[in-house]
Amino acid sequence: MFAAERRQLILEMVRANGAVSLRELARVVQTSEVTVRRDVRALEAEGLLDRRHGGAVLPGGFTRESGFPQKSHLATAEKTAIADVAAGLVEEGEAVVVGAGTTTQELARRLARVPGLTVVTNSLLVAQALAHANRVEVVMTGGTLRGSNYALVGSGAEQSLQGLRVSRAFLSGSGLTAERGLSTSNMLSASVDRALVQAAAEVVVLADHTKLGTDTMFQTVPTDVITRLVTDEPPPHDDRAGTELQALADQGVQITVAGAAGASGGGSGEGMAGRRPRRESPLPVQRRGGPTAQLRSAGPPLHEQQASERARVADMRRR
């Protein structure tokens, strides 16, 4: 494929989806991410798109929301890994809320195996994934159907959530930054997501690395309300995504990084093939007004390492 043909296809993908990762662009045009990055840089110079944290977006600063058909084919391996880890946070007999989105739909498929679970949702896709689950009760909000993402929105959805209290909420969105938190491109969806957050004691955000550093119009969850972020390992060259993760951790968000392949619940799976190895030690940060939070990784927690070292030294002294 000639450079002009490649760049035209890249531009068409960005216009159709609003935001596309370099990895996905490279897969579709069948070339390396280095070549795609060069093409994206050339298109940005012409004012046809903007580069953003390992991907490309429509020009103008804010990305528009993609429809479900487009979203369902983006970062599928990453969403699967994230869902695997997030499902490991849910225990038997819990009550949780799950928002709309393709990543939360993947989570719902795994929650179908958790007995005694109660799931409150405004998403038809989440409800469908749990419809035949044994011993899982599904409670749906009211509201008006928004066809682009198969979610119930509006005052009916918000009112049905009043007085509700569950252990945690699982939410996705269009973008996530340390400055503004989670955001989305639709006002009605943002309003319902805020109501879901109000119903939960903890808030878990599910977002793949392509959403890190992306800002959209309507804030749904401020950073200081997010308890945990479950994401995937950014590509080695994506330093800005890594910086965004550290900024979120510095503000007290617990970060769990999942591999795109081989991840298991709890985030201890192997990293993606061809990627840099995940950090072998956590990065401790101080949570505002609360206990220390850690950037979780495949290595043991810091306090376990320190305890092991003290025991080793004491044993040497005894000898």
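Me: Why are α2 and α3 called roughly perpendicular to each other?

Reply: This is a predicted model, and in it the axes of helix α2 (residues 22-29) and helix α3 (residues 33-45) cross at roughly 105°. Angles of 65 to 115 degrees count as roughly perpendicular, so α2 and α3 earn that description.

Me: How do you know that α2 and α3 meet, and which residues are involved?

Reply: Their axes come within 9 Å. On the α2 side you will find Leu22, Arg23, Leu25, Ala26 and Val29, and they meet Glu33, Val36, Arg37 and Val40 in α3. The residues of this contact divide into 6 nonpolar, no polar and 3 charged.

Me: Let's move on to Ser123. What makes Ser123 buried or exposed?

Reply: Its relative accessible area is 1%. Buried means under 20%, so Ser123 is buried. You can find Ser123 in the loop between β5 (117-121) and α7 (124-130). Leaving aside neighbours within four places in sequence, Ser123 is in contact with Gly99, Ala100, Met140, Tyr150 and Ala151.

Me: How do you know that the side chain of Ser123 has a polar contact with the backbone nitrogen of Leu125?

Reply: A polar atom of the Ser123 side chain lies 3.2 Å from that nitrogen. The cut-off for a polar contact is within 3.5 Å, so this pair fits the distance limit.

Me: Why is the pairing of Arg51 and Glu44 called a salt bridge?

Reply: Their side chains meet at 2.7 Å, N to O. A salt bridge needs the nitrogen within 4 Å of the carboxyl oxygen, so the name fits. Arg51 is partly exposed, with a relative accessible area of 35%, and Glu44 is partly exposed too, at 27%. A search of the whole structure finds 12 salt bridges.

Me: What makes Glu106 a partner of Arg109 and of Arg110?

Reply: The salt bridge between Glu106 and Arg109 has an N to O distance of 2.4 Å. For Glu106 and Arg110, the closest N and O atoms are 3.1 Å apart. Both distances are within 4 Å, so both pairs count. Glu106 and Arg109 are 3 residues apart in helix α6 (residues 102-111), so about one helical turn separates them. Glu106 and Arg110 are 4 residues apart in α6, again about one turn of the helix.

Me: Why is Glu106 called buried while Arg109 is called partly exposed?

Reply: Glu106 has a relative accessible area of 18%, and the cut-off for buried is under 20%, so Glu106 is buried. Arg109 has 40%, which lies between 20% and 50%, so Arg109 is partly exposed. Arg110 is buried, as is Glu106. Asp84, Glu106, Arg109 and Arg110 are linked in a network of salt bridges.

Terms used:
Residues numbered from 1 in each chain as written. Predicted model: local features only at pLDDT ≥ 70, side-chain atom pairs only at ≥ 80, totals over all residues. Heavy atoms only, no water. Helix = DSSP H or I, 4+ residues; strand = E, 2+ residues; numbered from the N terminus. Buried < 20%, exposed > 50% of the residue type's maximum accessible area, 1.4 Å probe, protein only. Polar contact = N/O pair within 3.5 Å; in protein donor to acceptor, adjacent residues only side chain to side chain. Contact = heavy atoms within 4.5 Å. Axes fitted to C-alpha atoms, helices over the stretch in contact; angles between N-to-C directions. Parallel < 35°, antiparallel > 145°, perpendicular 65-115°, else oblique. Nonpolar A, V, L, I, M, F, W, Y, C, P; charged D, E, K, R; others polar.
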